[in-house]
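Biologist: Hey, got a minute to walk me through this one? I'd like to get my bearings before going into detail.
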Amino acid sequence: MRRPGVPGAIVATFVIAVALPACQTDQVDDAVADTEMDARPEEDEGEGGHEIHWSYEGDTGPAMWGSLDQSFAACDDGARQSPVDITGAVAGGESELEIRWQPGDAEVVDNGHTIVVNVAEGSAISLEGREFALLQFHFHHPSEHTVEGSAAPIDIHFVHAAAEDDLAVIGVFLEAAEADPTIQSIWEAIPAAGEPPGALAALDPRALLPEGGSHYRYPGSLTTPGCSEIVSWVVMAESVAVSQDQIDAFAALYPMNARPVQPLNERTIERKD
Ligand SMILES: [Zn+2]
């Protein structure tokens with residue numbers, strides 16, 4: 001059942017948040033403040049002044065995230081951080097990834113860190129036999145993951161959750177070539193400052209998947225504070241084409257919103273074909 005104007009992602013995030021014990025309220029506040037988890041505009045965040053300002057440069061940039069707040073400690077101390085440079089991947093056998101997305105109403109939000117598209121309930125993936133619901137997707141310029149040291153102009157992160165602390169994110173690289181109509185419809189729905197979220201009817205996220213299903217898999221983290229190590233990462237090997245104009249349009253809003261790559265440490269990157 002879908003209620004017009006109330007995308008399921010928001011409902012789902014809310015349900016996940018309220019399902020936790022009260023003693024974890026602070027952690028929930030931090031979790032929902034994460035770009036990867038939620039899309040509320042910055043001014044709506046942090047009841048009681050809890051919000052901590054972070055950015056992609058200078059005193060509040062990625063090198064400083066771990067020291068901005070105790071709840072961001074994993075950004076410094078973590079051993080399974082994201083993004084990473086994808087190199088030295090080993091053959092990983094069967095895919096065990098089933099993408100079951102569907103068209104639905106969506107809303108487009110500028111949360112001050114990126115553009116977020118909150119999708120309606122009903123899209124999900126099955127990863128290694130476990131079900132994760134698609135909540136939202138958002139964009140980084142340049143791409144956060146790199147392949148053999150090279151970044152793409154933009155990557156999309158499709159954020160799925162099995163539980164509040166159990167996410168699966170699918171990364172898709174966008175490369176400059178032909179214009180993409182789905183990206184165009186999203187860009188046109190980006191709200192101006194102070195305006196309500198942009199509405200998109202019957203947005204089909206499947207239009208933003210590459211044709212081939214080959215991908216890389218590794219265990220990692222949110223790429224925004226608090227850098228929680230709760231993400232099963234899936235990075236698609238093939239790219240999706242967008243135009244240089246479309247890349248420039250996003251870059252005009254967010255010239256740099258990518259965390260630098262992190263050490264792989266003891267982890268293995270698997271390639272699934
Ligand atoms: Zn992201």
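Modeller: Sure. One term to start with: pLDDT is the predictor's confidence in each residue, from 0 to 100. You'll want that because this is a predicted model.

Biologist: OK, what does the protein chain average for pLDDT?
Modeller: The average is 86, and 82% of the residues score at least 70.

Biologist: Where does pLDDT stay under 50?
Modeller: One such stretch is residues 1–33, for which the model has 49 contacts beyond four places in sequence. Residues 38–49 also stay under 50, with 20 contacts of that kind.

Biologist: Got it. How many helices and strands does the chain have?
Modeller: There are 6 helices and 16 strands. The chain has 273 residues, and 41% of them count as buried.

Biologist: And what about the contacts between residues at least 6 apart in sequence?
Modeller: Of those, 69% join residues at least 24 apart.

Biologist: Let's talk strands. How much of strand 10 is buried?
Modeller: Strand 10 covers residues 154–163, and 8 of its 10 residues are buried, so you can call it mostly covered.

Biologist: Which strands does strand 10 pair with?
Modeller: Strand 7, residues 130–140, is joined to strand 10 by 7 bridges. Strand 11, residues 166–176, is joined to strand 10 by 9 bridges. Strand 10 runs antiparallel to strand 7, and it runs antiparallel to strand 11 as well.

Biologist: Can you give me some residues to click on? What is the bridge partner of alanine 133 in strand 10?
Modeller: That's alanine 161. For the pairing with strand 11, look at valine 159, which stands opposite valine 169.

Biologist: How many residues sit between strand 10 and strand 11?
Modeller: There are 2 residues between them, and the two strands form a hairpin.

Biologist: Remind me, what do strands of a sheet pair through?
Modeller: Backbone hydrogen bonds, and the strands can be parallel or antiparallel.

Biologist: Switching topic: what's going on with strand 13?
Modeller: Strand 13, residues 215–220, is mostly covered, with 5 of its 6 residues buried. It is joined by 6 bridges to strand 14, residues 231–236, and those two run antiparallel. Another 3 bridges join strand 13 to strand 16, residues 270–272, again antiparallel.

Biologist: Which residues stand opposite each other there?
Modeller: Glycine 220 stands opposite valine 231 in strand 14. Arginine 217 stands opposite glutamate 270 in strand 16.

Biologist: Now threonine 223. Where is that one found?
Modeller: Threonine 223 is in the loop between strand 13 and strand 14.

Biologist: Is threonine 223 buried or exposed?
Modeller: Buried, because threonine 223 has 28 other C-beta atoms within 10 Å, and the cut-off for buried is 20 or more.

Biologist: How far apart are threonine 223 and proline 62 in space?
Modeller: They are 9.6 Å apart, C-alpha to C-alpha, while in sequence 161 residues separate them.

Biologist: Last one. In what order do strands 1, 8 and 9 come in their sheet?
Modeller: The order is 1-8-9, in an open sheet with mixed pairing. Strand 1 (85–86) and strand 9 (150–151) stand at the edges with a single partner strand each, so one side of each has no neighbour in the sheet.

Biologist: And how is strand 8 joined to strand 9?
Modeller: By 2 bridges, with strand 8 (residues 146–147) and strand 9 running antiparallel. Threonine 146 has alanine 151 in strand 9 as its bridge partner.

Notes
Residues numbered from 1 in each chain as written. Predicted model: local features only at pLDDT ≥ 70, side-chain atom pairs only at ≥ 80, totals over all residues. Pairing = 2+ DSSP bridges. Helix = DSSP H or I, 4+ residues; strand = E, 2+ residues; numbered from the N terminus. Buried ≥ 20, exposed ≤ 12 C-beta atoms within 10 Å, placed from the backbone. Contact = placed C-beta atoms within 7 Å.
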